[in-house]
Amino acid sequence: MTFELEPLVGTECWRLVVGGRAVPVRVQEQEGRLLVTIGADRVEVGVRRALPVPSRRASAQNGADRVEVRAPMPGLVVSVPAAIGEPVRAGGAVAIVEAMKMQMEVASPTDGRIEEIRVRPGQEVAGGQVMVLVRVSAPGAGEEALP
Amino acid sequence: MPLPRRLLVANRGEIAVRIVRACRDLGVEPIAVYAPVDAGAPHVRLADDALPLPGDSPAEGYLNGPALVELARRCGAAAIHPGYGFLSENPSFAAACEAAGIAFVGPPASVLRMCGDKAAARAAATSAGVPVLPGSGAVSDAEAQSAAEAVGFPLLIKAAGGGGGKGIHLVRSPDALPGALRLARGEAQTAFGDPRVYLEKWVERPRHVEVQILADSAGGVIHLGERACSVQRRHQKLIEEAPAPGISPELRDALLESAVRVARALGYRNAGTVEFLLDGEAFFFIEVNARLQVEHPVTEMVTGVDIVAAQLAVAGGEPIPFAQEEVRHTGWAVECRISAEDPHGGFLPSLGKIDGVIEPQGPGIRVDSGFRAGCTVSRHYDPLLSKVVAWGRDRAEAIARMRRALAEYAVSGVDTTIPFHRWALEQPAFLGGAYDVRFAEEWDGAVPSQEAERLAAEVAAAWLRRKAAASVLVSDGQAAGPASRWISAAREEGLR
């Protein structure tokens, strides 16, 4: 669903156009929070970036030979069954994350070698947070390196 | 005396605008007055001429009786309309106008004095055979305990010399009486310079109904029907309607007839309001408001009578321009008071500059407003910005129109009571018409709907997206078209 804010009047009055209808709202910015008045209600919204979106520049710098393995959802890191320098196969677990009382393995999308580990067991992670960097094996060379 | 050629409007805000408009309709030249902070306000711009009030303090000007009389004399105004508040019920000011040969548009000083003395007004009502709440006359500390036993608990201690909710204390049991008495007497002395207090029975969940009256100098008295005003907070009205819902025809007739009898007993003149408390089918006189009321438009909408025009006629010595039988009541009217207060923050005054406003319009809607974009809401005056009045053929239509009007109303820069009104107009108790003076307390427990929380999250997301775009598009900061969203995306990229 798309939603858009259109100016109505002054600095605070807007229309939220959402799902084929328009709702007049009043928005005030206060100390990094938003006060949103809709009809009879006022809702205070604290905003922080929950999903660090993959950065083109970062991947360019890293080059195509490095892959970021990200947390698929916000949760708690249970364990990191990987060590720097160790080889890893595509589909192999590099971290285990728990959320909503479910644990899930986070797998490397590629064959390669663990280059960097940015989380430790017991740590809270945001959805999309980079947990592990994997250096992609050069074709041929990677296969040779793996047992 | 016929209508004056010029009239001085000794007030500000929406009521000054209202009086200016009545003058226009009648061919009277309206002259406004203004304190420095009100230069350029709507009441100043709509009048033929506007005279600055002396003094630097914003409040003192509109309360400076001698200066107002002098300004009226100098500009050749033959009449002064005081509006409500300020000097509207001040007997000395009315007397000063009379002494200067200027018509005071309101009751004469003697009537104002009687209405201002609550004990005297109660006595007048009793003499007219109208029930008053069980109560005492002014009591000394020594008499208080026995007087309280006679009235019965719970009871209110009220100041004999004033009103406006000051000096009022609720006492639920005899042991709390001496302490409350001391406080009330102190407050009465401070607020009104008169330490006299009296006791009055307290009704737990009353309804507030009042009757609009008109009286002329020949002794003619008529009523223009009743208004229900039970949506209140701290004795301040928020929503009024006419007629009153949920009262029997017999009770209505008794109220209307009682109001006329009280007015006669007081020798009343000009427009006024007789207030009653209802306890089931029982009713009790409380007081007379000897002025034009804030909520007079609901009566105007259902009767078609211009109450301010009628005030000017009778102030000039004319009889009331129509007979009781000629007053026809049609449909229903509801008024919401739009104040610069934060309903989500205990209704505290919200100060600041209003940087944008869209007022509602359309069928059945009347907006009496005293502000515009660019105005600053200061702490010096009453926070009332405007009144939205909706008329319909029946109550349901009036309420539907009011909902539509409140959804259209946009005020940017200060908090307003609009969210409270939008809540109230959805409550079963209000829609059923059987609400009492405790109704507005329910607001404090209201929590945001899930729908509002979901929409607020979308607003926040869209807001941040716009903000990111606006920081690139410094030239306008307005519409985020497709192009600016590309720029916005690039900008976000650049931040990483």
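**Exercise 1. Where in chain B is the place of Phe347(B)?** Then work out its backbone sign and its burial.

Solution. This is a predicted model.
- Step 1: Find the flanking strands. Phe347(B) sits in the loop between β16 (341-342) and β17 (348-349) of chain B.
- Step 2: Read the backbone. Phi of Phe347(B) is near 60 degrees, a positive value in a residue other than glycine.
- Step 3: Set that against the general rule. Most residues other than glycine have a negative phi.
- Step 4: Test burial. The cut-off is 20 or more other C-beta atoms within 10 Å. Phe347(B) has 21, so it is buried.

**Exercise 2. Treat Phe86(B) in the same steps.**

Solution.
- Step 1: Phe86(B) lies in the loop between β4 and α5 (91-99) of chain B.
- Step 2: Its phi is positive, near 40 degrees, and the residue is not glycine.
- Step 3: Phe86(B) has 23 C-beta neighbours inside 10 Å, so it counts as buried.

**Exercise 3. Find two cis peptide bonds in chain B and place their prolines.**

Solution.
- Step 1: Check omega. The bond from Phe153(B) to Pro154(B) is cis, with omega near -5 degrees.
- Step 2: Place the proline. Pro154(B) falls in the loop between α8 (141-151) and β7 (155-159) of chain B.
- Step 3: Repeat for the other bond. From Ala242(B) to Pro243(B) the peptide bond is cis, with omega near 0 degrees.
- Step 4: Pro243(B) belongs to the loop between β12 (236-242) and α10 (249-266) of chain B.
- Step 5: Recall the background. Most peptide bonds are trans.

**Exercise 4. Decide whether helix α12 of chain B is enclosed or open, and say what covers it.**

Solution.
- Step 1: Count. Of the 9 residues of α12 (residues 307-315) of chain B, 7 are buried, so the helix is largely enclosed by the rest of the structure.
- Step 2: Name some. Among the buried residues of α12(B) are Val308(B), Leu312(B) and Val314(B). Gln311(B) is buried as well.
- Step 3: Look for the cover. It includes α1 (13-26), β4 (79-81), β5 (103-104), β10 (207-215) and β13 (270-279) of chain B.
- Step 4: Look past the helix. Gly317(B) follows α12(B) and has a positive phi, near 90 degrees.

**Exercise 5. Trace β3, β4 and β5 of chain A through their two hairpins.**

Solution.
- Step 1: Pair β3(A) with β4(A). They run antiparallel, joined by 6 bridges. Val25(A) has Ile38(A) in β4(A) as its bridge partner.
- Step 2: Inspect the turn. This hairpin has 2 residues between its strands, and Glu31(A) in the turn has a positive phi of about 45 degrees.
- Step 3: Pair β4(A) with β5(A). They are antiparallel over 6 bridges. Leu34(A) is partnered by Val45(A) in β5(A).
- Step 4: Inspect this turn too. Again 2 residues lie between the strands, and Gly39(A) in the turn has a positive phi of about 60 degrees.

**Exercise 6. Describe the side of chain A that touches chain B.**

Solution.
- Step 1: Count the contacts. 31 residues of chain A meet 30 residues of chain B.
- Step 2: List the contributors. Elements giving two or more residues are β1 (3-9), β2 (13-18), β3 (21-30), β4 (33-38), β5 (41-46) and α1 (56-62) of chain A.
- Step 3: Pick the leader. β1(A) gives the most, with 6 residues.
- Step 4: Sort by type. The residues on this side of chain A are 20 nonpolar, 5 polar and 6 charged.

Key. Residues numbered from 1 in each chain as written. Chains lettered and ligands numbered in written order. Predicted model: local features only at pLDDT ≥ 70, side-chain atom pairs only at ≥ 80, totals over all residues. Contact = placed C-beta atoms within 7 Å. Helix = DSSP H or I, 4+ residues; strand = E, 2+ residues; numbered from the N terminus. Nonpolar A, V, L, I, M, F, W, Y, C, P; charged D, E, K, R; others polar. Buried ≥ 20, exposed ≤ 12 C-beta atoms within 10 Å, placed from the backbone. Pairing = 2+ DSSP bridges.
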